[in-house]
Amino acid sequence: MKNYDHLIFEISVPGRVGFTLPNSEISGYNLSSLDASLLRKEVPALPEVSELDVIRHYTNISHKNFGVETGFYPLGSCTMKYNPKINEEIAAMKAFNSIHPLQKASDTQGILRIYYELQSMLSEISGLHSYTLNPFAGAHGELTGLMIMKEYHLQRGDFKRTKVIVPDSAHGTNPASATICGFDIIEIESTPEGTVDLEQLKAALSDEVAGMMLTNPNTLGIFEKDIIEISRLVHEAGGLMYYDGANLNALLGIVRPGDMGFDIMHINLHKTFSTPHGGGGPGSGPVGVKEFLVPYLPNPQINKLDNHYFLDWNKDSIGSVSGFYGNFKVWLRAYVYIMTLGKENLRQVGCLSTLNANYVRVHLEEEFNLPIKGFSMHECVFDGLKDQSTGVTTLDVAKRLLDYGVHAPTIYFPLLFHQSIMIEPTETESKQTLDSFIEVMKKVAKEAITDPQMMKLAPHTTPISRIDEVYAAKKMILTYKDYLKENQ
Amino acid sequence: MFKYFPHTEADLTQMKQSLGIKNTERMFQVIPSAVRFNQDYNIPSSLSEIELRKHMEELGKLNQSKMIFSGLGAYDHYEPSVINHIVSRQEFLTSYTPYQPEISQGTLTYIFEYQSMISSLTGMDVSNASMYDGPTATAEAMFMAEAITKRKKILVSDTVNPNIMSVVKTYAKYKGLEVDILISKDGSANIESLKNKLDDTIAGVIVQRPNFFGIIENYDGFSKLIHDNDSVFIINGDISALGVIKTPGEEDADIACGDCQSLGMPVAFGGPYLGYLTTKKQHVRKMPGRICGQSFDRNHVRSFVLTLQAREQHIRREKANSNICSNQSLLALYATVYLSLMGPKGLKQVNELSYTGAHYLYDQLIATGKFKPVFNKPFLKEFVLHTHLNVEMIQKHLSDHGIFGAVNLGDFDEKYQNVVNFCVTEKRSKAEINHLVSLLGGLS
């Protein structure tokens with residue numbers, strides 16, 4: 001089975017099955033008695049495979065993946081920390097999986113209590129008043145938070161506030177979410193130090209500004225030292241402060257967004273609170289607000305009266321943003337994680353993740369360009385190799401790292417630099433792992449000089465080599481049907 | 001120290017030395033002291049694994065698992081054992097979006113398979129794997145209609161599940177789109193109403209099949225009317241049902257969307273589920289989310305890679321047509337493994353068993369004299385009936401016997417008071433259905 005490279009459709013054999021179902025004990029009814037005009041004509045193109053075929057296929061292709069348990073995964077901005085096993089065990093319990101979302105509150109008191117307690121712990125951790133756990137992901141949280149911002153201004157009868165300020169260093173989702181929420185964007189440039197330019201901010205503020213979206217530490221891993229002044233200026237102009245919680249990991253035990261003046265924020269539970277990324281999802285993006293914004297939280301909200309938990313619909317709410325109550329089994333895992341760490345350990349996370357990032361930073365300064373000096377927070381950003389004379393780029397470095405069994409850092413983001421390499425080790429990595437990574441990075445920097453051609457062709461030991469991305473975009477082979485057509 | 005933090009005292013000392021600091025506080029000196037958080041969070045203390053497990057078991061006991069006889073967007077279908085084993089593999093579970101295709105062919109391969117299967121099930125050309133759930137996928141379909149037509153109004157049938165409708169309305173409100181309601185007749189979207197409502201302001205029309213009442217609506221003539229008006233035809237539907245009922249593609253719809261929960265995902269109090277969104281190839285550049293395409297590597301080995309990324313937020317920022325960053329990969333894996341196991345025959349059989357059980361229950365309930373038909377329309381696995389009995393009392397009675405069912409549509413919309421939903425899947429045996437009927441038949 002070495003070099004297994006089939007699609008499930010290619011191992012399909014007509015007549016094979018991978019399921020068993022009970023025989024019908026009821027006679028006298030037949031689906032084919034439905035009007036033929038309501039039935040599909042074409043048999044769906046699904047594979048016909050045995051159970052072992054399925055297991056072997058997916059096991060084999062899983063071997064071509066790299067997970068947190070495979071090795072070091074310093075993907076900046078994504079907080080690829082260890083995903084504890086006990087969280088998985090709890091999330092698999094029947095008492096949580098078998099509950100229908102429309103069951104009465106009397107049937108779901110355990111789940112509603114978890115919802116309520118988690119939102120209250122997140123409030124404490126971030127210095128806000130209340131949370132909704134309904135948003136499904138970070139970007140979904142951003143959208144929800146911006147809706148709350150908009151609704152707040154609308155219900156005050158302030159209809160002029162149609163603009164949102166976003167620094168140029170922000171994650172792409174920030175401006176995209178603001179657009180989807182019907183705002184215009186004012187982008188402000190960062191200072192050479194990578195932080196908010198107060199003069200630019202002042203110039204951007206007006207009575208048309210609904211608020212500002214900010215990540216702190218920002219995407220360069222730098223803490224916005226003027227945060228108190230930034231919040232004051234935005235508030236003075238009548239705007240609200242939105243905190244993009246993508247980098248919250250750095251702040252655990254250090255500082256709370258609510259105390260810095262933020263009014264609304266989202267948390268990526270799949271980053272800071274260790275829920276598995278699942279190849280890109282499901283995530284969970286709870287949104288927290290200060291007390292004056294609580295009425296606008298999405299419906300339903302979960303409340304408590306005399307130890308009884310219940311669903312609550314608020315007439316001033318932005319409405320609902322999800323079919324039910326968000327990604328329950330994701331926020332369940334986050335609850336388990338917080339209960340495991342407790343107050344004693346949760347407060348260590350910011351410090352240890354920051355220490356790890358800075359440890360990597362100081363050891364790579366000789367080989368890689370460090371555009372912003374001084375301490376970073378939980379991640380550090382380099383602007384490519386110091387010696388770029390051989391033409392080796394950040395992409396080549398990233399690809400070569402794969403040969404050494406390390407996942408590449410985030411590359412070409414933030415956009416402020418041409419050759420960005422963004423490294424986020426997280427607190428769950430040991431000094432030994434960091435030392436090995438540093439050694440590999442130094443080795444790669446040397447290879448860039450001694451063997452640039454080899455670097456250009458890297459990786460060499462992965463299941464496949466570099467892919468022709470232009471072919472994919474040009475040919476648009478997006479299904480097996482397209483593939484068969486292309487190869488007939 | 002603590003089990004998730006590997007730092008020993010010696011490590012800490014050496015690391016601080018490398019940074020030239022005595023105290024880690026030094027790293028945070030730029031943070032204004034006025035906002036530094038210097039105390040313990042007011043949250044519980046750390047629980048050992050033994051204590052934690054007990055605590056979670058206690059919380060688990062506060063939930064009541066019931067035999068499920070209702071649907072309305074969350075369906076109690078069979079979840080083959082194999083799924084959980086595959087989705088628990090760390091290579092799939094703990095990896096991130098496949099930015100480095102050389103070490104992500106596992107994820108990319110199954111996303112390509114998922115796209116193929118969902119495209120075929122819906123009768124469309126292309127699929128993403130990035131939608132959170134059915135309702136938000138429907139809202140994204142609305143945005144696509146806006147982007148395709150540059151129009152600002154969306155028509156939604158009043159037979160669409162109110163949980164979908166309310167998400168669509170929330171998204172529309174803040175984007176500055178208008179939602180107008182397509183009035184139904186006898187529980188189904190109505191073509192006369194459609195004719196009256198269509199004009200050059202309508203970006204798209206959203207219908208659901210099977211709809212909120214479980215009815216398999218008839219769309220004869222819809223696509224022509226909608227396309228003659230240069231609007232976009234969007235059909236929402238439970239994906240499992242598309243194993244047997246006429247596909248959005250066969251209806252000449254432009255976009256298909258809905259939930260994939262019925263493909264092997266537990267009901268799990270509403271999430272995580274997976275939304276699907278498929279369309280025709282001509283609209284692929286208006287599609288939100290990640291899309292995987294086939295290519296070749298340097299050695300001409302067939303490989304897969306995320307493609308057409310110029311649509312997305314990380315490239316286009318405020319000009320992106322969606323803010324979607326997620327890839328609901330792990331749930332797409334549930335669906336892909338489920339569909340691989342079931343194949344065309346299994347999916348059909350699931351629908352046949354559900355159909356048979358549901359129709360048997362329908363007739364038996366009418367025969368009790370306690371329930372009356374509301375509509376005379378075809379349905380698949382769920383249906384609604386009117387009862388003169390007190391619905392709370394019915395639900396309580398069922399609940400006392402370990403059954404969840406008879407959800408009151410009046411809870412969604414007052415005009416449906418005493419109209420209740422029942423759903424039967426392949427998991428319900430004849431004996432279980434008979435038990436339900438005898439419980440309900442004995443009520444007065």
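**Where H4(A) meets H2(B)**

Select helix H4 of chain A, residues 109–126, together with helix H2 of chain B, residues 49–61; in this predicted model the two helices pack with their axes 6 Å apart and at an angle of about 125 degrees. That angle falls neither under 35 nor over 145 degrees, nor between 65 and 115, and H4(A) and H2(B) are therefore described as oblique to each other. Display the side chains next: on H4(A), the residues to show are A:Gly110, A:Arg113 and A:Ile114, and they meet B:Leu59, B:Gly60 and B:Lys61 of H2(B). Coloured by class, this contact of H4(A) with H2(B) comprises two nonpolar, two polar and two charged residues.

**The interface as a whole**

Now widen the selection to the contact between the chains, which takes 167 residues from chain A and 163 residues from chain B. On the side of chain B that touches chain A, helix H11 (residues 329–367) gives the most, with 23 residues. By class, that side of chain B holds 75 nonpolar, 63 polar and 25 charged residues.

**H1(A) against H11(B)**

Keep H11(B) visible and add helix H1 of chain A, residues 51–62; the axes of these helices come within 9 Å and cross at roughly 150 degrees. Angles over 145 degrees count as roughly antiparallel, and H1(A) and H11(B) are therefore roughly antiparallel to each other. Their crossing is right-handed. To see the contact itself, select A:Glu51, A:Val54 and A:Tyr58 on H1(A), then B:Val337, B:Ser340 and B:Leu341 on H11(B). By class, the contact of H1(A) with H11(B) has four nonpolar residues, one polar and one charged.

One further residue of helix H1 of chain A deserves a stop: A:Thr59. Is A:Thr59 buried or partly exposed? A:Thr59 counts as partly exposed because it has 16 C-beta neighbours inside 10 Å, whereas a buried residue needs 20 or more. For a distance across chain A, pick the C-alpha atoms of A:Thr59 and A:His308: they are separated by 45 Å, and the two residues lie 249 positions apart along the chain.

**From H11(B) to a four-stranded sheet**

Return to H11(B) and show the strands beneath the selection: the helix lies across E11, E12 (382–387) and E15 of chain B, and runs at about 10 degrees to E12(B). These strands belong to an open sheet of four, ordered E11-E12-E15-E14 in chain B, with antiparallel pairing. At the edges are E11 (371–373) and E14 (407–408) of chain B, each pairing on one side only. Zoom in on E14(B) and E15(B), the latter spanning residues 419–423: two bridges join these antiparallel strands. Within E15(B), B:Val420 is the bridge partner of B:Asn408.

**The seven-stranded sheet of chain B**

Move to an open sheet of seven strands in chain B, where the order is E2-E8-E7-E6-E5-E3-E4 and the pairing is mixed. Its edge strands are E2 (126–127) and E4 (178–182) of chain B, each pairing on one side only. Select E3(B), residues 153–157, with E4(B): five bridges pair them in the parallel sense. In E4(B), B:Leu182 is the bridge partner of B:Ser157. Then add helix H6 of chain B, residues 134–149, which lies across E3, E5 (202–208), E6 (232–236), E7 (255–259) and E8 (275–279) of chain B and runs at about 160 degrees to E7(B).

**A hairpin in chain B**

Select E9(B), residues 291–296, and E10(B): six bridges join these strands, which run antiparallel. They form a hairpin with five residues between them, and in the turn B:His300 has a positive phi of about 60 degrees. To locate a bridge, show B:Gln294, whose partner in E10(B) is B:Phe304. E10(B), residues 302–307, is mostly covered, with five of its six residues buried.

**Last stop: H12(A)**

Finish on helix H12 of chain A, residues 394–403. Seven of its ten residues are buried, so the helix is largely enclosed by the rest of the structure. The buried residues of H12(A) are A:Thr394, A:Asp396, A:Val397, A:Ala398, A:Lys399, A:Arg400 and A:Leu401. What covers the buried residues of H12(A)? Their cover includes strands E11 (410–411) and E12 (420–423) and helices H13 (431–450) and H14 (452–457) of chain A. H12(A) is followed by A:Gly405, which has a positive phi near 75 degrees.

How values were computed. Residues are numbered from 1 along each chain as its sequence is written. Chains are lettered from A and ligands numbered from 1 in the order in which they are written. This is a predicted model: local features need pLDDT of at least 70, side-chain atom pairs count only at pLDDT 80 or more; totals for chains, interfaces and linings use all residues. A residue is buried if 20 or more other C-beta atoms lie within 10 Å of its own, exposed if 12 or fewer, and partly exposed in between; C-beta atoms are placed from the backbone. Two strands pair if DSSP finds at least two bridges between them. Two residues are in contact if their C-beta atoms, placed from the backbone, lie within 7 Å. Ala, Val, Leu, Ile, Met, Phe, Trp, Tyr, Cys and Pro count as nonpolar, Asp, Glu, Lys and Arg as charged, and the others, Gly among them, as polar. Axes are lines fitted to C-alpha atoms, for helices over the stretch in contact, and angles run from 0 to 180 degrees between N-to-C directions. A crossing is left-handed if the near helix is turned anticlockwise from the far one by less than a right angle, and right-handed if clockwise.
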